[in-house]
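Walk through this model one sheet at a time. Keep the strand order in view, then look at the helices.

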Amino acid sequence: LRVVELMRKRLAAIHKDGAVVVMDPRTGDLLASASFPMPDPGSAATPDELLDRARYGQYPPGSTFKLVTAIAALRLDPDLQNKTYQCIRLKDGRAGNIVQGWKNKPIRDDVGDHPHGTLNMEAALAESCNAYFAQLGTYDVGASALHDTAALLDIPAGDLPEIKKMMPFAAYGQGPVLVTPFKMARVAATIANAGDMPQGRWVSGDANTRTDPPRPILAPNLSDFLRRAMRRVVQSGTARGAMNGSAISIAGKTGTAQVEQGAPHSWFAGFAPYGGDPAKQIAFAVVVEHGGYGAESAAPLAREIIEAAHELGII
């Protein structure tokens, strides 16, 4: 109910649609799932209001998918966490770099971003550097490993020829990659849960058929590395403004997903509290359709949801 109230208040005010998923990262038990717009009691619901965006809405994930590319890289070679690439000033003035051998097409970071210089994986996650992940994905991960890792996480990243064709873009969540808010929350849950992905459950009790144990995805020490990187996103990276002053230690990843028409979709996925009791943590994903930058719309809503969970004693 609190999630519904917060969504209605924030999204109605900016005339945007969206979805929220909150889950227990250990079990995958769904704690909250809501879509907006939602039906009003006593009135006939429209098809748009009946759409369960949280479970069935397919969105480009934007930079939240960099977590998947990072998982794919670490599964191939744990030392790739130390791999560095450059983000430079391009001829048009934008920050980014050229992916060699891929039509020498420039990969650009967001308008207004300064060149990030030489980055390793942790810094690239914190700064959400497209140029870094385009290079890491193309040169080190490759289409097959990215496809297979996404499949392990039950994410439809496109078929292999599509990924190969769009590899630099797919590596940072554009191109053929699509994901539901539920599955993005489960990626965050996997990282929070020492690298084991919970199946995710909507029904409790004997009627539940989703009883498989968590699926091992990443070694605990490597998931710990990603947890630290996600904490850095909030402390000094792209989410620092939205989360500044929060009494709760939040870890997450912003996403700004470009679409064919209109403003980008705004994403924030993560978990809280960072470093806390696993029995008192939540994992979550928030998407605001055409909400702009991830830190602009999704992250502030995520913060309100986290603070509500704390007030209710869930975390």
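Which strands does helix α6 lie across, and at about what angle does it run to β3? Helix α6 (residues 130-152) lies across β3, β4 (95-98), β5 and β6, and runs at about 135° to β3. Before going further, note the ground rules. This is a predicted model, in which local features need pLDDT of at least 70 and side-chain atom pairs count only at pLDDT 80 or more, while totals for chains, interfaces and linings use all residues. Residues are numbered from 1 along each chain as its sequence is written, and side-chain values use heavy atoms, with hydrogens and water left out.

Helices (H or I, at least four residues) and strands (E, at least two) are DSSP runs, numbered from the N terminus. Two strands pair if DSSP finds at least two bridges between them. Axes are lines fitted to C-alpha atoms, for helices over the stretch in contact, and angles run from 0 to 180 degrees between N-to-C directions.

Start with the sheet under α6. It is an open sheet of four strands, in the order β5-β4-β3-β6, with antiparallel pairing. β5 (106-108) and β6 (117-119) stand at the edges with a single partner strand each, so one side of each has no neighbour in the sheet. Neighbouring strands are turned by 35° against each other on average, direction ignored. Strand β3 (residues 85-89) runs antiparallel to β6, and three bridges join them. Within β6, T118 stands opposite Q86.

Now the other sheet. This open sheet has five strands in the order β2-β1-β11-β10-β9, again with antiparallel pairing. Its edge strands are β2 (30-36) and β9 (251-257), each pairing on one side only. The twist averages 5° from one strand to the next. Helix α9 (residues 181-192) packs on this sheet and touches β1, β2, β10 (265-272) and β11 (282-288). The direction of α9 makes about 145° with that of β11.

Look closely at β1. Strand β1 (residues 18-23) pairs with β2 in the antiparallel sense over six bridges. G18 stands opposite F36 in β2, and V22 has A32 as its bridge partner there. Six residues lie between the two strands of this hairpin, and G28 in the turn has a positive phi of about 80°. On β11, six bridges join β1 in an antiparallel run. V21 has A285 as its bridge partner in β11.

How many of the residues of β1 are buried? Six of its six are (buried: under 20% relative accessible area, 1.4 Å probe, protein chains only). In a regular strand the side chains alternate between the two faces of the sheet. Here G18, V20 and V22 are on one side and A19, V21 and M23 on the other. Both faces are covered.

Return to α9 for one residue. T190 lies in this helix. T190 is buried, with a relative accessible area of 2%. Leaving aside its neighbours within four places in sequence, T190 is in contact (heavy atoms within 4.5 Å) with L153, G195, D196, M197, P198 and I217.

Finish with a helix pair. Helix α1 (residues 2-14) packs against helix α12 (residues 298-311) at an angle of about 150°, with axes 10 Å apart. That makes the two roughly antiparallel (over 145 degrees). R2, V3, L6, M7, R10 and L11 in α1 meet P300, L301, E304, I305, A308 and E311 in α12.

How values were computed:
Buried means under 20% relative accessible area, exposed over 50%, partly exposed in between (1.4 Å probe, protein chains only). Angles under 35 degrees count as roughly parallel, over 145 as roughly antiparallel, 65 to 115 as roughly perpendicular and the rest as oblique.
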